[in-house]
Amino acid sequence: MTLNVDVAANLRAVKATLPEDVKLVAVSKFHPAEYIEAAYSAGQRVFGESHEQELSKKYEVLPKDIEWHFIGHLQTNKVKYIAPYISMIDAVDSMKLLKEINKQAAKHDRVVNVLLELHIAEEATKYGFTLDACREMLDGGEWRSLENVKICGLMMMASNVDDEVQIKQEFDTGAKFFDEVKEKYFAGDDSFCERSWGMSGDYEIAVLCRSTMVRIGTAIFGERVY
Ligand SMILES: *Cc1c(COP(=O)(O)O)cnc(C)c1O
């Protein structure tokens with residue numbers, strides 16, 4: 001299969017604009033396995049997918065040293081399918097989901113890394129904890145007893161707008177909230193260190209707002225065909 005996108009060149013171009021300590025999740029959703037192979041050949045090992053069935057199919061056929069991130073909204077009844085191998089679940093948006101991940105991870109004797117997804121953007125359709133709901137969940141303390149999940153940080157998306165000032169304000173809100181949560185609940189926990197924000201259209205702003213992990217699809221693989 002000849003790809004009509006130069007994945008390796010795009011990947012190089014993106015990496016050239018990223019500080020070395022910012023992790024890159026290459027978002028491969030809706031792109032065939034060949035696109036992932038092209039990025040893999042160019043050295044990329046971390047990929048993000050947002051649909052369980054699509055991920056499961058790709059997991060079957062692709063190299064087993066790929067670190068898979070589940071970046072989309074995850075239904076609790078789908079957790080069991082990815083629990084054996086998922087490297088990180090980036091968008092945990094409820095206590096119910098966190099508990100289910102813990103339960104399924106325990107069955108495989110694993111500790112699954114997760115991020116808590118914040119809802120800061122103005123769009124009503126996006127998932128995630130409001131800041132108050134996130135505080136309330138952490139205050140509840142039940143998460144402390146979940147031994148098979150590790151909360152590694154926070155994830156968010158900015159509003160899908162052209163206004164860079166607004167985007168920056170939203171990422172800054174996330175960064176400030178990270179500091180609050182780190183100090184109050186994770187002060188002694190070095191694993192709580194990730195701020196996952198920034199996609200193709202806004203990752204350079206996100207990096208200025210202290211992102212540690214960007215999730216980039218279109219800029220690497222081209223437009224998605226849905
Ligand atoms: C699709 C998706 C991305 C990547 O978006 P691009 O604009 O293609 O870079 C990042 N994060 C999440 C949660 C996504 O669903």
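**Exercise 1. Find which side chain has an N or O atom 2.6 Å from an oxygen atom of the ligand, then look for other polar contacts.**

Step 1: Start at Lys29, whose side chain places an N or O atom 2.6 Å from a ligand oxygen. That's a polar contact, meaning a pair of N or O atoms within 3.5 Å.

Step 2: Now try Arg224, where a polar side-chain atom sits 2.7 Å from an oxygen of the ligand.

Step 3: Gly217 joins in with its backbone: an N or O atom there is 2.8 Å from a ligand oxygen.

Step 4: On its own the ligand exposes 390 Å², and the protein buries 90% of that (Shrake-Rupley method, 1.4 Å probe).

A quick note on the model: it is predicted, so to speak, with local features needing pLDDT of at least 70, side-chain atom pairs counting only at pLDDT 80 or more, and totals for chains, interfaces and linings using all residues. Residues are numbered from 1 along each chain, and side-chain values use heavy atoms, without hydrogens and water.

**Exercise 2. Sort the shell around the ligand into nonpolar, polar and charged.**

Step 1: List residues with a heavy atom within 4 Å of the ligand; among them are Val27, Ile71, Met155, Ser200 and Arg215.

Step 2: Sort them, and you get six nonpolar, three polar and three charged residues (Gly counts as polar).

**Exercise 3. Describe the chain's extent.**

Solution: Its C-alpha trace spans about 50 × 45 × 30 Å along the principal axes.

Conventions. Polar contact = N/O pair within 3.5 Å; in protein donor to acceptor, adjacent residues only side chain to side chain.
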